[in-house]
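Please examine the sequence and the three-dimensional structure shown here before reading on. The paragraphs below are intended to be read alongside them.

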Amino acid sequence: MGHFDFHHALTTPFRMQPGLRKLAAGAPQLTPLRPGARHLREKQAVLAHWPTQALLQSPGFDATPALWALALQAQQEHPEAFEVSEDAWHARHLGWRVDAQGQVLQTRALWPDAGPCLQALAPAWRQAALLCLAFAEDFAILDAASQRVHWLAICLPSHWAPEQKIGLSFAELHAPVADNQFLTSASAHLVRLVTSAQRWERFVWTITSQPRLHAHPRRMDAERWPASLQGDSLVDSAWWRTERQTFIPLVERGQAVFTIHTEVTPLRQALPTPEHAALVHDSLASMSPAVLAYRELSAVHAPLLAWLAQQAQGARP
C-alpha cells in the first residue's frame, strides 16, 4: 500500500478534514512504474479509450510551468526512470520519449504499447501523458489566485468524474462531500497553504466493492453492494481503497501540482495486524450517517464492523 500511513490517516472520531502533514525535505512524491504494472495497464486503457475524460484543461490556461516543475521533480527523484531536456522527455522504464513538438520516439522495446497510446493523443497532451504512464500518480494543477483547478490528468478517479470538475474552485470541488463544512470554510486558507514553499501530504481511505483503480462513475457497477452479499462473501467483495496526496508548489506562480497515488487492495489482505483492524473499526464506527451515505457504506456498515471487530481481537487492552 505504498506510503499510506494508517496511524495518521485513521482518526476517531472520523472527520472530513484536510489532515495535512508536512513532508520532510527530499521525501519522494512520485512512484515510478515498470512495464506491466497494474497502474500502467489501467492508465493506458483509460488514455486509449476515454482520453477526454482524463486529460482536461480550462480554456486559455498555461500548464507549461507546472508541467516542467513536475517533470523536473520526476527527474530529481528518479533519474533512472525519467530524464528531462529541452529537446525531449524520456520515460526510461517504458522505452519512450516525447519531444518538444509532441513527436513520439521509441528508445527501447520495453513497453511497446505505450507508443500507439501516446501517438493517438493530441500532440499538446503527449508529454503530460508520458508522465501519467511513467508514474503511478494522477495529477492536477491548483491555482491560488483563482482558487481553481484548471488542469487535470486523472486516469484513476475515485468515484468521481474529472470532466465535471475542471475549472471548479476548491470549495466547489468539495461541495458534494458529506460533512464538508470545515473543508469548504477553510478552502482559501488551504489553497494558500499548499501553494506556499512548504510541501504537504495527506491520506484518504474508504472501503468499496470496486476492485479497479479506475473508478469513474460511468464504468462502475450500478448496484454497489448487491443484497446477496452476506458474511464471508461480503468481506471477499470488499476492497480497501487509499490515496496518498501530495503538493508540489510553484511559489513564484502561486500554483501547486497536486499528486494522487491510488491503491486498491482486497480488504482481507489490507490489514496486516489486529491493531490495524482496530484502527479501521473505530474510525468506521464513528462515521456520521451522512458520511456513510456519501461513501455508500450504509447498507454494509454493521457487517463490516462485525468482521473488523473479529480481526481486531488481541489489539484491545
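The following text describes the sheets, the helices packed on them, selected residues and the enclosed spaces of this structure, which is a predicted model.

The description begins with a sheet of 7 strands. This sheet is open, its strands follow the order E1-E9-E10-E11-E7-E8-E2, and the pairing is antiparallel. At the edges stand E1 (21–22) and E2, each with a single partner strand, so one side of each has no neighbour in the sheet. In general, strands of a sheet pair through backbone hydrogen bonds, in either a parallel or an antiparallel sense.

Strand E10, which spans residues 239–250, deserves separate attention. Of its 12 residues, 12 are buried, so the strand is largely enclosed by the rest of the structure. In a regular strand, side chains alternate between the two faces of the sheet. In E10, Trp239, Arg241, Glu243, Gln245, Phe247 and Pro249 point one way, while Trp240, Thr242, Arg244, Thr246, Ile248 and Leu250 point the other way; all are buried. The burial of E10 therefore applies to the residues pointing either way, given that buried means under 20% relative accessible area.

E10 has a pairing partner on either side in the strand order. With strand E9 (residues 200–208), E10 forms 8 bridges in the antiparallel sense, and Glu201 is placed opposite Thr246 of E10. With strand E11 (residues 255–266), E10 is joined by 12 bridges, again antiparallel. Pro249 has Ala256 of E11 as its bridge partner. The hairpin formed by E10 and E11 has 4 residues between the strands, and Gly254 adopts a positive phi near 65° there.

At the edge of the sheet formed by E2, 3 bridges connect this strand to E8 (residues 148–153) in an antiparallel arrangement. Leu56 is opposite Leu152 in E8. Helix H11 (residues 274–285) packs on the sheet and touches E9 and E10, its direction making about 80° with that of E9. Another helix, H8 (residues 187–194), lies across E7 (138–143), E9, E10 and E11, and runs at about 110° to E7.

Within E2 (residues 55–57) is Leu55. Is this residue buried or exposed? Leu55 has a relative accessible area of 9%, which is under the 20% limit, and is therefore buried. Apart from residues up to four places away in sequence, Leu55 touches Leu47, Leu121, Trp125, Leu152 and Ala153. Between the C-alpha atoms of Leu55 and Leu284, which are 229 residues apart along the chain, the separation is 34 Å.

A further sheet consists of 4 strands. This open sheet has the order E3-E4-E5-E6 with antiparallel pairing. Its edge strands are E3 (82–84) and E6 (104–106), each of which pairs on one side only. Direction ignored, neighbouring strands of this sheet are turned by 20° against each other on average. The antiparallel pairing of E5 with E6 comprises 3 bridges, with Leu105 in E6 as the bridge partner of Arg97.

Two helices lie across strands of this sheet. H3 (residues 64–77) crosses E3 and E4, running at about 130° to E3. H5 lies across E3, E4, E5 and E6, at about 20° to E4. H5 (residues 126–134) is mostly covered, with 9 of its 9 residues buried. Among them are Arg126, Gln127, Leu130 and Cys132.

The loop between E4 (88–91) and E5 (96–99) contains His93. With a relative accessible area of 11%, His93 is buried. Its side chain makes a polar contact of 3.4 Å with the side chain of Arg34. Leaving aside neighbours within four places in sequence, the contacts of His93 are Pro32, Leu33, Arg34, Pro35, Glu80, Ala81 and Leu110.

Finally, the structure contains open and closed spaces. The largest pocket holds about 1,300 Å³ of space. Its lining has 49 residues, of which His174, Val177, Arg202, Val204 and Gln245 lie nearest the centre. Elements giving two or more residues to this lining are H1 (6–9), E7, E8, H6 (170–173), H8, E9, E10 and E11. E9 provides the largest share, 7 residues. As for closed spaces, a search of the whole structure finds 3 cavities of 30 Å³ or more. The largest cavity has a volume of about 50 Å³ and is lined by Ser209, Gln210, Pro211, Arg212, Met220, Asp221 and Arg224.

Conventions: Residues are numbered from 1 along each chain as its sequence is written. This is a predicted model: local features need pLDDT of at least 70, side-chain atom pairs count only at pLDDT 80 or more; totals for chains, interfaces and linings use all residues. Side-chain values use heavy atoms; hydrogens and water are left out. Buried means under 20% relative accessible area, exposed over 50%, partly exposed in between (1.4 Å probe, protein chains only). Two strands pair if DSSP finds at least two bridges between them. Contact means heavy atoms within 4.5 Å. Axes are lines fitted to C-alpha atoms, for helices over the stretch in contact, and angles run from 0 to 180 degrees between N-to-C directions. A polar contact is a pair of N or O atoms within 3.5 Å; within protein, one must be able to donate a hydrogen and the other to accept it, and residues adjacent in sequence count only if both atoms are side-chain atoms. On a 1 Å grid over the protein atoms alone, a cavity is a set of points where a 1.4 Å probe fits but cannot get out, and a pocket is an open set with protein on both sides within 12 Å along at least five of seven lines; lining residues have an atom within 4 Å of a point. Grid points are joined across faces, edges and corners, and a volume is the space filled by probe spheres set on the points.
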